[in-house]
Amino acid sequence: MATQKEVREYLAYWFQLGKKVLTGNGQASFLPVPVLKGDGYSEEFEECWQKIISQTTGECYLEGTYETISELLTPAWELLPCGRCQMPIPKRNLGMPALLCPCNDLPTWPNSELPAPRTPVNTQSHLMSIRNRIESNYR
């Protein structure tokens, strides 16, 4: 089962590539810019996330997919790396898999010459872990 944290990360990755979340049969869409800010998600992303999980918004799904966000939060689904591009994609635990990866309509993806989308990084803790690894090698 995909957790809320995993679904948030899934959306954040695809938002960084310009994919939108659609609702109301495609009549409305969400694409927060920027997605990341410092060591966390941006206010725009957080506001978008609250709209997506709100009961009043209706069914939402990532552009290029058929699975709704609420479906992804059920035990029937998990998020795993795509075999083609390594981005997170939904996989059904039982039954038929999702038809397509959201990368199928991105003509320039995967592109190993560009930085890949990522989750927020706490710079201070990341630098501390690097320092600790270096120190442990010299002991």
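The following exchange concerns the fold, surface and core of a predicted model.

Local features need pLDDT of at least 70 and side-chain atom pairs count only at pLDDT 80 or more, while totals for chains, interfaces and linings use all residues. Residues are numbered from 1 along each chain as its sequence is written, and side-chain values use heavy atoms, with hydrogens and water left out.

Me: In what order do the elements of the protein chain run from the N terminus on?
Reply: Helices (H or I, at least four residues) and strands (E, at least two) are DSSP runs, numbered from the N terminus. The protein chain has four helices and seven strands. Their order is α-β-β-β-β-α-β-α-β-β-α.

Me: What percentage of the residues in the protein chain is buried?
Reply: Buried denotes under 20% relative accessible area, with a 1.4 Å probe and protein chains only. The chain has 139 residues, and the buried share is 33%.

Me: Which element gives the largest share of the largest nonpolar core?
Reply: A nonpolar core is a set of buried Ala, Val, Leu, Ile, Met, Phe, Trp, Tyr and Cys residues joined through side-chain atoms within 4.5 Å. Among the 31 residues of the largest one, Val7, Leu11, Trp14, Phe15, Val21, Ile52 and Cys85 touch the most other members. Two or more residues each come from helix H1 (4-16), helix H2 (43-53), strand S5 (60-62), helix H3 (69-72) and strand S6 (77-81). The largest share, seven residues, is that of H1.

Me: Which residues does Cys85 touch, not counting residues up to four places away in sequence?
Reply: Contact means heavy atoms within 4.5 Å. With those sequence neighbours left out, the residues touched by Cys85 are Trp14, Cys101, Cys103, Trp109 and Pro110.

Terms used:
Buried means under 20% relative accessible area, exposed over 50%, partly exposed in between (1.4 Å probe, protein chains only).
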